[in-house]
Amino acid sequence: MIQALYILVADSGLCVLDRKYGEAEMDPNLISGFLTALISFGQELSSGNRVHVIDFGAFDICLSLKNNIIVAATVDKTDDGNAAMAVLADVNNHFVKKYSGVLQNWDGNLEPFESFNAIVDDITKNGKASEM
């Protein structure tokens, strides 16, 4: 199961949307800062290559990066990693398509993104899209 999903603006590290499906308890602002720093660090170490999966023992954090947007999810180890990555890429593509204009002149207001929750729920099948 996708335990939680986060949509972040990469250059600021701000979490603009988070969705919880399982029991994982993580502060969206804490995880957004951590992931933004970790991705930057990983790119420095690997000559610009991107980190896509981070193994945290009990779960994985899967990442999709596109056009300054990071879609991250905590995913159970028993899930299909490729399916989870495809789901995150789909969420990222839909988000970028819908909000690229808003993000260009974004003033920090999170309200415009609230309507995207239903799209996330649909794409992720309420967190169950990557279950095997």
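**Salt bridges in the predicted model**

Asp 55, Asp 60 and Lys 77 are joined to one another in a network of salt bridges. The structure is a predicted model, and searching the whole of it turns up 3 salt bridges.

Lys 77 is a good place to start. Its salt bridge with Asp 55 has the closest N and O atoms 2.8 Å apart. This pair links distant parts of the chain, 22 residues apart: Lys 77 sits in the loop between strand E5 (69-76) and helix H2 (81-104), while Asp 55 belongs to strand E3 (residues 53-55). As for accessibility, Lys 77 comes out as partly exposed at 36%, whereas Asp 55 is exposed at 55%.

The side chain of Lys 77 also meets that of Asp 60 in a salt bridge, with 2.7 Å from N to O. Here the loop between E5 and H2, home to Lys 77, is linked to strand E4 (residues 59-66), which holds Asp 60, and the two residues are 17 residues apart. Asp 60 has a relative accessibility of 17%, so it counts as buried.

That leaves the pair formed by Asp 121 and Arg 19, whose side chains meet in a salt bridge at 2.7 Å, N to O. Because Asp 121 lies in helix H3 (residues 116-124) and Arg 19 in strand E2 (residues 14-20), this salt bridge ties together parts of the chain that are 102 residues apart in sequence. Asp 121 is buried, with 15% relative accessibility, while Arg 19 is partly exposed, its relative accessible area being 26%.

Notes:
Residues numbered from 1 in each chain as written. Predicted model: local features only at pLDDT ≥ 70, side-chain atom pairs only at ≥ 80, totals over all residues. Heavy atoms only, no water. Salt bridge = Lys/Arg side-chain N within 4 Å of Asp/Glu carboxyl O. Helix = DSSP H or I, 4+ residues; strand = E, 2+ residues; numbered from the N terminus. Buried < 20%, exposed > 50% of the residue type's maximum accessible area, 1.4 Å probe, protein only.
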